[in-house]
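User: Please take a close look at the largest cavity in this model and at what surrounds it. I am in my first year, so start with the meaning of the word.

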Amino acid sequence: MRIAITVSQISPGGGLTKYVCTLTEILTDSVDNEIWVITTHPSKTNPLLDSLTRTRKVKYIALGDCHKLKRYSSLVSLLRKFAPDVIINNYNATTQYVLPLLSKKCKVVHILHNDTSDFYRVASINGKYVDRWIAPTPALKEYFDIYTRQKYRNRVVTIPHGVEPPKGDVSKSHPVVRLAFVGVLFEHKGVRILPDIIHRLLEKGHEFHFTFIGEGILRRELECALQDEIKNGVVDFSGRISGDEVYQKLSNMDIFVYPTHIDAFGLVIAEAMINSVVPVITRLEGITDALVDDAVNGYLVPRDDVEAFVERISKLIEDESLRIRMRNAAAEKAFRCFTFDVMKKNYIEFIEHLTAECV
């Protein structure tokens, strides 16, 4: 089967790039698919995608150097030449605009990656030419239905993203409980309340270590608020690190603290869970509660509720048996629902059913 995956940009990291590379990998893992990954805007290299182009039936084509009109015409020419059975578009308006110029035999799928009006706007351009939309969580399906006034509700399906299993030991053998935040240090991730949470936990007499994994414009503000804790070795900042390093650090963590305001799926939540880290996270209806079962394999907390975050984290620090039980439950849920193997099975079944439909 021939599959074209279109996206605006490829970068060394980033959630959307990670999804595209993961999808390319799982669709060429054990089935005889040929994949073309096409970008329409200036991009950088990605190690995984570069490796896939060398070892599998994957071709990467960058149109970022073309001026606007040339970009559109080049994309149409490429897709007509390749004649894909399926186009999987990822928030790429250029692809949406050229859909009327492509073969009607080709099935078109658009992935809903984020809960913002612009993602929904792009996804609905030339919507009559789109066969299916995929949402990673029930909430994104619902919000897209609302945005499009239910026009396409029978063509939107939910398929969760997947994460890779741990790369090594996750025994958690260390003298104090380890907490971590993983993500960009921006306002929409709720990180401004983390210093208050850390200070309150220390006031309660808890011994722990907190690691910030990620980079962003609020880093200096957070470091200023936590300068004594950094000096005393209670808090550290790792900055931006590779995916492998994130997994290595998560494998040594006990509790994942994530006070986010916005998410589409919460890939990092699934990554924490599969590494046996207990998530204490913001409740986002239809999104984070699609991953975490409250008080079973993690805790769901009202947005920006410092008291609630401190209360749940304190329970886990004080009660080792509770922490171990919830840690095991988090890993069990992630292995059952959010692995690459599960994602692969869901996507292959979806594509097989889609291509079997009459044009």
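Analyst: A cavity here is a set of grid points where a 1.4 Å probe fits but cannot get out, and its lining residues are those with an atom within 4 Å of such a point. The model is a predicted one. In general, rolling a probe the size of a water molecule over the atoms shows where empty space is left.

The structure holds one cavity of 30 Å³ or more. The space in the largest cavity comes to about 70 Å³. Its lining consists of Gly 15, Lys 18, Tyr 19, Thr 22, His 161, Gly 162, Val 163, Leu 267, Glu 271, Phe 340 and Met 343. Three elements give two or more residues each to this lining: α1 (15-27), α11 and α14 (340-356). The largest share, four residues, is that of α1. Sorted by kind, the lining has five nonpolar, four polar and two charged residues.

One lining residue, Leu 267, can be followed further. Leu 267 belongs to helix α11. Along the sequence, Leu 267 and Tyr 19 are 248 residues apart, yet their C-alpha atoms are 9.6 Å apart in space. If neighbours within four places in sequence are set aside, Leu 267 is in contact with Lys 18, His 161, Gly 162 and Val 163. Those four contact partners also appear in the list of lining residues.

The helix that holds Leu 267 leads on to a sheet. Six strands form this open sheet, in the order β10-β9-β8-β11-β12-β13, and their pairing is parallel. At the edges stand β10 (235-239) and β13 (299-301); each has a single partner strand, so one side of each is left without a neighbour in the sheet. From one strand to the next, the twist averages 20 degrees. Within the sheet, strand β8 (residues 177-182) pairs with strand β11 (residues 255-258) in the parallel sense over two bridges. Leu 179 has Ile 255 in β11 as its bridge partner. Helix α11 (residues 267-274) packs on the sheet, where it touches β8, β11 and β12 (278-282). The direction of α11 makes about 170 degrees with that of β11.

To put the parts together: α11 gives two or more residues to the lining of the largest cavity, and α11 also packs on the six-stranded sheet.

Methods: Residues are numbered from 1 along each chain as its sequence is written. This is a predicted model: local features need pLDDT of at least 70, side-chain atom pairs count only at pLDDT 80 or more; totals for chains, interfaces and linings use all residues. Side-chain values use heavy atoms; hydrogens and water are left out. Two strands pair if DSSP finds at least two bridges between them. Axes are lines fitted to C-alpha atoms, for helices over the stretch in contact, and angles run from 0 to 180 degrees between N-to-C directions. Contact means heavy atoms within 4.5 Å. On a 1 Å grid over the protein atoms alone, a cavity is a set of points where a 1.4 Å probe fits but cannot get out, and a pocket is an open set with protein on both sides within 12 Å along at least five of seven lines; lining residues have an atom within 4 Å of a point. Grid points are joined across faces, edges and corners, and a volume is the space filled by probe spheres set on the points. Ala, Val, Leu, Ile, Met, Phe, Trp, Tyr, Cys and Pro count as nonpolar, Asp, Glu, Lys and Arg as charged, and the others, Gly among them, as polar.
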